[in-house]
Amino acid sequence: MPAPVPIGIVTVSDRASQGVYADAGGPAIHAVLARILATPWRAAARLVPDEQPQIMSALTALADRERCPLIITTGGTGPAPRDVTPEATEAVCDRLLPGFGELMRAVSLRAVPTAILSRQAAGTRGRSLIVNLPGKPSAIAECLEAVFPAIPYCIDLIGGPRLETDPAICKAFRPQGA
Ligand SMILES: Nc1ncnc2c1ncn2[C@@H]1O[C@H](COP(=O)(O)OP(=O)(O)OP(=O)(O)O)[C@@H](O)[C@H]1O
Ligand SMILES: Nc1nc2c(c(=O)[nH]1)N[C@H]1C(S)=C(S)[C@@H](COP(=O)(O)O)O[C@H]1N2
């Protein structure tokens with residue numbers, strides 16, 4: 001049996017990392033992935049404060065050392081001075097994929113007008129795809145489910161493992177012949 005695919009889950013939150021409140025974001029990402037993914041996987045979870053160097057080292061460790069083909073972050077995407085997750089993501093990525101943020105903002109806009117305040121980014125570092133989600137735990141399923149149909153093919157294209165989804169929950173799109 002092949003080893004489960006490691007998937008990075010990074011919560012970026014000053015208060016959750018200080019224990020002021022329990023982290024609800026990481027578990028929410030875990031729950032969405034557990035529903036969507038049919039391929040065996042395991043979580044590689046990190047909880048860091050809104051500090052660019054700490055976010056960057058979590059992302060690079062998950063990509064380069066733990067070889068996660070997919071790394072999802074939550075939090076720190078807004079316009080407040082301590083919101084630096086997009087900067088950290090852009091700094092560690094080789095290439096950016098602006099379509100992810102565009103789609104997630106468009107979907108979120110149906111729920112809240114403040115969706116436009118999220119600078120959520122996405123990009124690739126080697127064979128890892130990194131996707132930012134907003135910090136509000138309620139945003140997680142909304143955003144992740146919207147972009148997930150494109151994620152397995154993106155990971156194919158960057159040389160990662162083939163991820164299968166439960167088609168009843170999320171139909172992964174792969175062009176014919178892929
Ligand atoms: N990891 C989390 N767990 C639980 N609730 C969260 C988490 N992250 C954010 N929230 C909730 O969503 C709201 C908006 O998230 P945002 O990322 O803007 O938080 P913030 O004000 O930067 O605070 P912090 O970084 O301390 O979580 C927070 O005020 C909090 O109520
Ligand atoms: N789906 C969804 N997207 C959302 C929100 C939300 O509640 N639901 N909150 C918005 C708000 S209020 C902000 S400030 C930005 C950035 O949030 P972050 O700093 O927690 O990442 O995400 C936006 N995107």
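Reader: Which helix gives the most to the shell around ligand 2?

Author: Helix α6, residues 137-147, does, with four residues. Keep in mind as we go that this is a predicted model.

Reader: Glad to know. How many residues surround ligand 2, and which are the closest?

Author: There are 19 residues around ligand 2, and the closest are T77, G78, S108, G135 and A139. By character, the shell divides into nine polar, seven nonpolar and three charged residues.

Reader: Before I lean on such details, what are the confidence scores of the model?

Author: A general caution comes to start with: where pLDDT is low, the predicted coordinates should not be read in detail. In this case the mean pLDDT of the protein is 97, and 100% of its residues reach 70 or more. The model also scores pTM 0.98 and ipTM 0.96.

Reader: Now the sheet, please. In what order do the six strands lie?

Author: Reading a sheet means following which strand pairs with which. Here the order is β2-β1-β3-β6-β5-β4, in an open sheet with mixed pairing. The edge strands are β2 (41-48) and β4 (95-96), each of which pairs on one side only.

Reader: How many bridges link β1 and β2, and in which sense do they pair?

Author: Strand β1, residues 5-12, pairs with β2 in the parallel sense over eight bridges. For a landmark, look at T11, whose bridge partner in β2 is L47.

Reader: And β6: are its pairings parallel or antiparallel?

Author: Take its partners in turn. With β3 (residues 70-74), β6 pairs in the parallel sense over five bridges, and T73 stands opposite N132 there. With β5 (residues 122-125), β6 runs antiparallel, joined by four bridges; R125 has S128 as its bridge partner in β6.

Reader: What lies between β5 and β6?

Author: Two residues separate them in a hairpin, and G126 in that turn has a positive phi of about 55°.

Reader: Is β6 mostly covered or exposed?

Author: Mostly covered: six of its six residues are buried. S128, I130 and N132 point one way and L129, V131 and L133 the other way, and all are buried.

Reader: Last topic, the nonpolar core. Which residues have the most contacts inside the largest one?

Author: The general idea is that in soluble globular proteins, nonpolar side chains tend to be buried together. In this structure the largest nonpolar core has 43 residues, and L59, I71 and L144 have the most contacts inside it. Leaving aside residues up to four places away in sequence, L144 touches I29, V32, I72 and L133. L133 is also one of the buried residues of β6.

Terms used:
Residues are numbered from 1 along each chain as its sequence is written. Chains are lettered from A and ligands numbered from 1 in the order in which they are written. This is a predicted model: local features need pLDDT of at least 70, side-chain atom pairs count only at pLDDT 80 or more; totals for chains, interfaces and linings use all residues. A nonpolar core is a set of buried Ala, Val, Leu, Ile, Met, Phe, Trp, Tyr and Cys residues joined through C-beta atoms within 7 Å. A residue is buried if 20 or more other C-beta atoms lie within 10 Å of its own, exposed if 12 or fewer, and partly exposed in between; C-beta atoms are placed from the backbone. Two residues are in contact if their C-beta atoms, placed from the backbone, lie within 7 Å. Two strands pair if DSSP finds at least two bridges between them. pLDDT is the predictor's confidence in each residue, from 0 to 100. A residue is near a molecule or strand if its C-beta atom, placed from the backbone, lies within 6 Å of it. Ala, Val, Leu, Ile, Met, Phe, Trp, Tyr, Cys and Pro count as nonpolar, Asp, Glu, Lys and Arg as charged, and the others, Gly among them, as polar.
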